[in-house]
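Reader: Hello! I would like to take a close look at one part of this model and then see how it sits in the rest.

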Amino acid sequence: MPTSSRPRTAAEIPEAQQLLEWYAREGRELPWRVRGAAHPDPYAVWVSEIMLQQTTVKTVCGYFQRWMERFPDVKSLAAASLEDVLLVWQGLGYYTRAKKMHQCARKIVEEYGGIFPAEREKLLKLPGIGPYTASSLCAFGFDLPETVVDGNVIRVLARYYGIAGEVDRSVITPLAEKLTPADAGADYASAIMDLGATVCTPFQAQCTICPLQQKCIACQKDLTEKIPLLKKNQKKKKTGAVFVLYSPDGKIFIRKRPGKGLLSGLRELPWEQEETFPFEAQWEKLPHKVRHVFTHIDLELNFYTTCTVPPENFLKTGQFISPEQLSGFPLSTLMRKVLKKLF
Ligand code: SF4
């Protein structure tokens, strides 16, 4: 929320006014977005916001449409099985997001009759909704004057104010709050994000067509290539193993990934983040390798197989299926990469 005693309107904040005028002409058309007076759909906003975490707009568009056809509202999502939800989500990665959405939809049905609450404090108590998503929902879903700070906003404002040192959300949020108008929550948040996504882009700021050009410090001092200096997210390198087990009739062993962690609940060829083996056998290393980058891990998987018959307690964890049946199960992007090496 703006920090001044009386919230200012867009007409009183030159930058907000410039951005809104630019947005009315040049803003992106996105399937989950409406402009101006039309009331947005909080469910559609929420689905898009969760999908957009770690995923590009281009990729999300197709998934969003399929999702809305299959689960058009909170109630249909709450009534679905988790397996169905994961099947529609598969390929988007970060599967905890889909699981939390499913839990969240059930909670909204149970506690709010299937209608999203419009209060930030209530949103924050729902599964999978953190401070950023709560702000986005308030701004985009309820048109409230909530400040939303994503990577685009960080870049635009770091350049506009000429911040030369390392920046992150905590540095930019107080500045962003001062520019957020009281009377155009959804459009203003969309405008500044769109500017970052289409004009003030990471590698090529197009200052000559930017509505903020006149007072932008990075543009005036020719610093757009040096700003922003982002804090680095170091990824941990790991070498894991995937186990390729065939039955005598050529079927392949899959299981539901156990536990609560990374990718749990999805079907997979058994794999581990370390090169540890699931049972004692004569393991043979195959010539394939797969690399996959998660948020904090850069993983390289080696492939192993064995002719040893797996012990009963291992076999109980999954089943042998024909390769053609694989498409009927929710699979992670990592597993699709693995299967592409084998079939
Ligand atoms: S003037 Fe250039 S650097 Fe400044 S906000 Fe606009 S595009 Fe970005």
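In which sense do strand 7 and strand 8 pair, and over how many bridges?

Author: Happy to walk you through it. Please keep in mind that this is a predicted model, where local features need pLDDT of at least 70, side-chain atom pairs count only at pLDDT 80 or more, and totals for chains, interfaces and linings use all residues. Numbering starts from 1 along each chain as its sequence is written.

Strand 7 and strand 8 pair in the antiparallel sense, and seven bridges hold the pair together on paper. Pairing here asks for at least two DSSP bridges between two strands, and helices (H or I, at least four residues) and strands (E, at least two) are DSSP runs, numbered from the N terminus. One bridge you can pick out by eye is that of Lys289, whose partner in strand 8 is Asn302. The connection between the two is a hairpin of three residues.

Now zoom out by one step. Both strands belong to an open sheet of four strands with the order 6-3-8-7 and mixed pairing. Its edges are strand 6 (271–272) and strand 7 (284–293), each of which pairs on one side only. On the other side of strand 8 (residues 297–305) comes strand 3 (residues 236–244), and those two pair in the parallel sense over nine bridges. Lys237 is one residue to look for there, since its bridge partner in strand 8 is Asp298. For reading such a sheet, remember that side chains in a regular strand alternate between the two faces.

What about burial at the edge? Only one of the ten residues of strand 7 is buried, so this strand lies largely in the open. (Buried means 20 or more other C-beta atoms within 10 Å of a residue's own, exposed means 12 or fewer, and partly exposed is in between, with C-beta atoms placed from the backbone.) For the protein as a whole, buried residues make up 35% of the 343 residues.

There is another sheet to compare with. It is open, has three strands in the order 5-4-9, and its pairing is antiparallel. Strand 5 (267–268) and strand 9 (318–321) form its edges, each pairing on one side only. Two bridges join strand 4 (residues 252–256) to strand 5, again in the antiparallel sense; among the residues involved, Lys256 has Arg267 in strand 5 as its bridge partner.

Next, the domains, whose bounds come from an automatic or database assignment. That assignment gives domain 1 (10–230) and domain 2 (236–342). Their C-alpha centres lie 36 Å apart. Ten residues of domain 1 are in contact with eight residues of domain 2, where a contact puts two C-beta atoms, placed from the backbone, within 7 Å. Helix 5 (residues 82–89) gives the most to the side of domain 1 that touches domain 2, with four residues. That side divides into four nonpolar, four polar and two charged residues; nonpolar covers Ala, Val, Leu, Ile, Met, Phe, Trp, Tyr, Cys and Pro, charged covers Asp, Glu, Lys and Arg, and the others, Gly among them, are polar.

The largest nonpolar core has 86 residues, and those with the most contacts inside it are Val153, Tyr188, Ile192 and Leu269. Domain 1 and domain 2 both give residues to this core, so it lies between them. Such a core is a set of buried Ala, Val, Leu, Ile, Met, Phe, Trp, Tyr and Cys residues joined through C-beta atoms within 7 Å. Leaving aside its neighbours within four places in sequence, Val153 is in contact with Val148, Ile172, Ala176, Ile192, Met193 and Gly196.

For an example with much more cover, visit helix 2 (residues 42–52), where ten of the eleven residues are buried. What covers them includes helix 3 (57–70), helix 4 (74–79), helix 6 (96–112) and helix 8 (131–142). After helix 2 comes Gln54, with a positive phi near 70°.

Finally, the overall frame. The protein has 14 helices and nine strands, and its C-alpha atoms fill a box of roughly 75 × 50 × 30 Å along the principal axes. Among contacts between residues at least 6 apart in sequence, 70% join residues at least 24 apart.
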